[in-house]
Amino acid sequence: MVVTIAIPVYNVRKYIARALESAFAQTFVSVEYLIIDDHGTDGSMEEVRRMMETHPRGRDIRIIDQGANLRTGAARNAAIDNAGGEYLFFMDGDDEITPNCIELLHAAIIESGADFAEASFERVDSEGRTIKRRIFPDVTISGGEHAVARAFYGGRAGFDAPVWNRLYDLDFLKRNNIRCIPNHIIEDVSFTHQLVLCASSCRLLSDVTYIYRIVEGSATQYHRNGIPVDIARQVVEICALKMEYMQRFAKCDFYPRLLETNYLYAMDRALEIWDSRLIARREKPGYINAILGFGALNAVGSKLSGILDAINSIRNIRIRMSVYRLCIHYPRHARIYIRNLKAQR
C-alpha cells in the first residue's frame, strides 16, 4: 500500500462507523487502514471488527493492540512504527474526511516532493453544523534546510497544531525522529513543533478535506471550568521539551522569533492554568513558574530577555499574571507598563 490512514480508537463508538465509511470512500485506491486500539470501554472496537467483516475494504484494516489505554500520543507513535505505506495520514475516530482527501494530498506531495502536504479543514459541532473553516493558501514552501521554519516564524506561512489532515513522508518522520509525547492526549503541539523545525518543504492546499467534529466530553475538549490538573502537568512537560528541542537551532536566523513565539505560547497556557477552577489555588504558582521558567531561562539574548526579567521580578503572582495577559491581548499597553516597571527598578 502507498498510504496508511492511522486512526486511534478510544471511546468513539457513536462516531467510528461514520469515520471509517469516509476513509473507505477514498478515490485513492492504495490505502491501508491502521486502527490503534487504545482500550476504551464503550465497545468501539466491536464496531471496527463488524466493519472489517462486512465492508469490501475491511480486508485492508490492520489492528494494533496497545494492550492498555496508553493515550493518543502513544497511539500516534505506534502508527509511525507500524505503518506499511510510504506516506502516513492521521485521522481521529470521531472525524470524517472527504472522498478526494488522500488523492489530493498524495498528488500534492508527489508533485512538490515535499516532506508533508496539508489541506484545509472545517470544524463542526456534534450535529454537523459548521462552526469555523481554516483555509490555507495554495502554496509550496521550499528553499533548503529549515525553509518551513523560516516561513512560519517569519510570518509568511501559518500552521495549526493538530497532526491530522496532513500527509507525511514516513521516511522523513523516521529520519528526523519526529514523535509524540507518549503519555499525552494533547500530543499535537510538540509533534508539530518538531515538524516545522525539521521540514525543508511542504505543500499547503485550499481544498477542505477534513471535518473536525467538536464532541463534548472528548479527550481534548476541556471542561468549561478550565483545564484540569492532568492537562496542566502535560503543558509543563510540553514547554520543557519544546525549549530543550529548540536549543539545536540556536544558531539559526529565525531563533529569536522562535523563542518569542514559544514563550507567548507558554504565557497563554499559564493564563489558562491561572483561570482554571479545576486546579487548587495553592498549586497554580508551581505549574505557572515551571512553565514560564523554561522560557525565561532560554530567552537570554532574544528581544524578550529584558521584558522577561522585568515581568518575572514581580513577586505578586496576581499582578504578574495580569501583565502576562496584557502581553498577549494588549501588547502595546504591556510595553508601556513594562517600560515604566523597568524604570522603577
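A salt bridge here is a side-chain nitrogen of Lys or Arg within 4 Å of a carboxyl oxygen of Asp or Glu. With that cut-off in hand, Asp-115 makes a good starting point in this predicted model. Asp-115 is buried but has no salt bridge. The nearest side chain of opposite charge belongs to Arg-175, and at 4.7 Å that pair misses out because the cut-off is 4 Å. What does the side chain of Asp-115 reach instead? It goes to the backbone nitrogen of Ser-200, at 2.8 Å. Asp-115 itself sits in the loop between α4 (101–112) and β6 (116–124). Setting aside neighbours within four places in sequence, Asp-115 is in contact with Ile-109, with Leu-167, Tyr-168, Asp-169 and Phe-172, and with Ala-199, Ser-200 and Ser-201.

As for charged pairs that do meet the cut-off, the structure holds 17 salt bridges. One of them joins Glu-46 to Arg-13, with the closest N and O atoms 3.5 Å apart. This pair links distant parts of the chain, since Glu-46 belongs to helix α2 (residues 44–54) and Arg-13 to helix α1 (residues 13–24), 33 residues apart. Glu-46 is exposed, at 55% relative accessible area, while Arg-13 is partly exposed at 36%.

Arg-134 and Asp-160 make another salt bridge, at 3.1 Å from N to O. Here, too, distant parts of the chain are linked: Arg-134 is in strand β7 (residues 130–134) and Asp-160 is in the loop between α5 (147–153) and β9 (166–169), 26 residues apart. Arg-134 counts as partly exposed, with 25% relative accessibility. Asp-160 has a relative accessible area of 17%, so it counts as buried, the limit being under 20%.

A third example pairs Arg-269 with Asp-268, the closest N and O atoms again being 3.5 Å apart. Arg-269 is buried, with a relative accessible area of 15%, and Asp-268 is partly exposed at 26%. Elsewhere, salt bridges with shared partners join Arg-18, Glu-96 and Arg-213 into one network.

Turning to the nonpolar interior, the largest core has 79 residues, and the members that touch the most others are Ile-5, Phe-89 and Phe-90. Which residues does Ile-5 touch, not counting those up to four places away in sequence? The list runs through Ala-23, Gln-26, Val-31, Glu-32, Tyr-33, Leu-34, Phe-89, Met-91, Ile-97 and Ile-102. A second, separate core is made of 30 residues, among them Ile-185, Val-236, Ile-288 and Ile-314. In soluble globular proteins, nonpolar side chains tend to be buried together.

The aromatic rings add a further layer, with 14 aromatic pairs in the count. Phe-89 and Tyr-210 form a tilted pair, 6.5 Å centre to centre with 50° between the planes. They come from distant parts of the chain: Phe-89 lies in strand β4 (residues 87–90) and Tyr-210 in strand β10 (residues 202–213), 121 residues apart. Phe-89 is buried, at 0% relative accessibility, and Tyr-210 is buried with a relative accessible area of 0%.

Why does the pair of Tyr-153 and Phe-254 count as stacked? The ring centres are 6.2 Å apart and the planes are at 10°, so the angle falls under the 30 degrees that stacking requires. Tyr-153 lies in helix α5 and Phe-254 in the loop between α8 (229–246) and α9 (255–275), so the pair ties together parts that are 101 residues apart in sequence. Both Tyr-153 and Phe-254 are buried. They also belong to one aromatic cluster, together with Phe-90, Phe-116, Phe-152, Phe-159, Tyr-168 and Phe-191.

Phe-191 leads on to helix α7 (residues 188–198), where 11 of the 11 residues are buried. Polar and charged names turn up in that buried stretch, including Asp-188, Ser-190, Thr-192, His-193 and Gln-194, as do Val-189, Leu-195, Val-196, Leu-197 and Cys-198.

One last site is Pro-285, which is placed in helix α10 (residues 284–298). Pro-285 is partly exposed, with a relative accessible area of 25%. The C-alpha atoms of Pro-285 and Trp-274 are separated by 8.2 Å, the two residues being 11 residues apart along the chain.

Note on methods. Residues are numbered from 1 along each chain as its sequence is written. This is a predicted model: local features need pLDDT of at least 70, side-chain atom pairs count only at pLDDT 80 or more; totals for chains, interfaces and linings use all residues. Side-chain values use heavy atoms; hydrogens and water are left out. Buried means under 20% relative accessible area, exposed over 50%, partly exposed in between (1.4 Å probe, protein chains only). Helices (H or I, at least four residues) and strands (E, at least two) are DSSP runs, numbered from the N terminus. A nonpolar core is a set of buried Ala, Val, Leu, Ile, Met, Phe, Trp, Tyr and Cys residues joined through side-chain atoms within 4.5 Å. Contact means heavy atoms within 4.5 Å. Lys and Arg count as positive and Asp and Glu as negative; His and the chain ends are not counted. A polar contact is a pair of N or O atoms within 3.5 Å; within protein, one must be able to donate a hydrogen and the other to accept it, and residues adjacent in sequence count only if both atoms are side-chain atoms. Rings of Phe, Tyr and Trp (its six-membered ring) pair if their centres lie within 6.5 Å; planes under 30 degrees apart count as stacked, over 60 as edge-to-face and the rest as tilted.
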